[in-house]
Amino acid sequence: MMQGNWQLARKQEKLIRRAEIRQEIRRFFNESEFLEVETPQRIHANAPEPHIDAVASDNMWLQTSPELAMKRLLAAGYGNIYQLCQVWRAGERGTRHLPEFTMLEWYRPNADYQQLMVDCERLLQVLVPSDQLNYQGQVIDLTAPWPRMTVHEAFARYATCSVDVAIENDTFEEILTDEVEPKLGLKPLFLTEYPTPLAALARTKQDNPTVAERCELYIGGMELANGFSELVDPIEQRKRFEADERIRQAAGKPPYPMPEEFLRELEQMPESAGMAFGIDRLIMLLTDAQQIDDVVAFTPADNL
């Protein structure tokens, strides 16, 4: 008699909870008057980012994020929208990383990144009504509002160099991961006001153009979400994309096409804010899982 797949069987309780969490997320956004949308997962071009590599699919690419397509919907006049979908990033693998993972993204026209942080607080209040989360033997207090700390302040407190030096030496991601993140603690915390060279698709602050209106959420020592007030200037966005593409090619990475459809329509997009939230890591927290493999049915190691 053949034995069942015990490694898959042992995940059943967490996978049932995963399904419940996804339903609760949908209920939260539906009741908040967001429209759930679906966009293609195989696209002609992603946003070129120096430290994110896309997966080729014939003459197209698997999406690293649904961001560009969702912004095109905003440019076409859609209101609040959200999406739960799969995204792919080549070479990402570890206890908290998968090359294919589940992303929640939502966008609000006529809003900024401050509203996104409130959205995150409200979502966790729905998912954890007690405001008390037990994770890896620790009790995490989720009572809102959650503290904010600027990236400059975090590097000044915890890093061996300033954020400006880290950017100049192209070691920002390394120092953030190795020196800063381990010292942020378990309680919820937003890192805010990323330096302009790290603005990506975010707009800069009007009263301080050296930083962008960008935030990242940490809970339980894990980065869960990344959001910003959106840049809606197509000329500036093209310049940033071209600069990032030069960095990619200087590092020996293959050239990426420009997302021309997105750039053509960006001028029609209203002032907006958008957040990308890692669902697998969220489920790790809510089910007290030590590694990401425990909260997905199949991993790249599984031979299907």
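C85 is tucked away: its relative accessibility is 4%, so it counts as buried (under 20% relative accessible area, with over 50% called exposed and anything in between partly exposed, using a 1.4 Å probe and protein chains only). The closest cysteine sulfur belongs to C120, and at 16 Å from the sulfur of C85 it is too far for a bond. Search the whole structure and you'll find zero disulfides (a pair of cysteine sulfur atoms within 2.5 Å would count as one). C161 is partly exposed, at a relative accessible area of 21%.

Before going further, keep in mind that this is a predicted model, in which local features need pLDDT of at least 70 and side-chain atom pairs count only at pLDDT 80 or more, while totals for chains, interfaces and linings use all residues. Residues are numbered from 1 along each chain as its sequence is written, and side-chain values use heavy atoms, with hydrogens and water left out.

Now step back to the whole chain. It has ten helices and 14 strands (DSSP runs numbered from the N terminus, with helices being H or I of at least four residues and strands being E of at least two). Along its principal axes, the C-alpha trace spans about 60 × 45 × 40 Å. A compact globule of 304 residues would have a radius of gyration near 19 Å, and the chain agrees because its own value is 19 Å (taken over C-alpha atoms, the rule being 2.2 Å times the number of residues to the power 0.38). Of those 304 residues, 50% count as buried.

How far apart in sequence are the partners in contact? Of the contacts with a separation of 6 or more, 67% come from residues 24 or more positions apart (contact means heavy atoms within 4.5 Å). As for the outside, the accessible surface is about 14,900 Å², and carbon and sulfur atoms own 48% of that (Shrake-Rupley method, 1.4 Å probe, and for residues only the protein chains shown count as cover). On charge, there are 31 positive and 49 negative side chains, and the centres of the two sets lie 2 Å apart. Here Lys and Arg count as positive and Asp and Glu as negative, leaving out His and the chain ends, and each charge is placed at NZ of Lys, CZ of Arg, CG of Asp or CD of Glu.

For a look at covered parts, go to helix α10, residues 279–287, where nine of the nine residues are buried. Charged D280 and R281 are on that buried list, along with others including I279, L282 and M284. Just after α10 comes D288, with a positive phi of about 60°, in a residue other than glycine. D288 is partly exposed, with a relative accessible area of 35%.

There's another positive phi at E193, about 55°, and this residue is not a glycine either. E193 sits in strand β10, residues 189–195, and counts as buried at 19% relative accessibility. Follow E193 to one of its contacts and you reach K205, which also touches Y113, V211, A212 and E213, leaving aside neighbours within four places in sequence. K205 lies in strand β11, residues 204–205, and is buried, with a relative accessible area of 16%. Its C-alpha atom is 9.3 Å from that of S229, 24 residues apart along the chain.

One last backbone stop: a cis peptide bond, with omega about 0°, joins A144 and P145. P145 is in the loop between β8 (138–141) and β9 (148–150).
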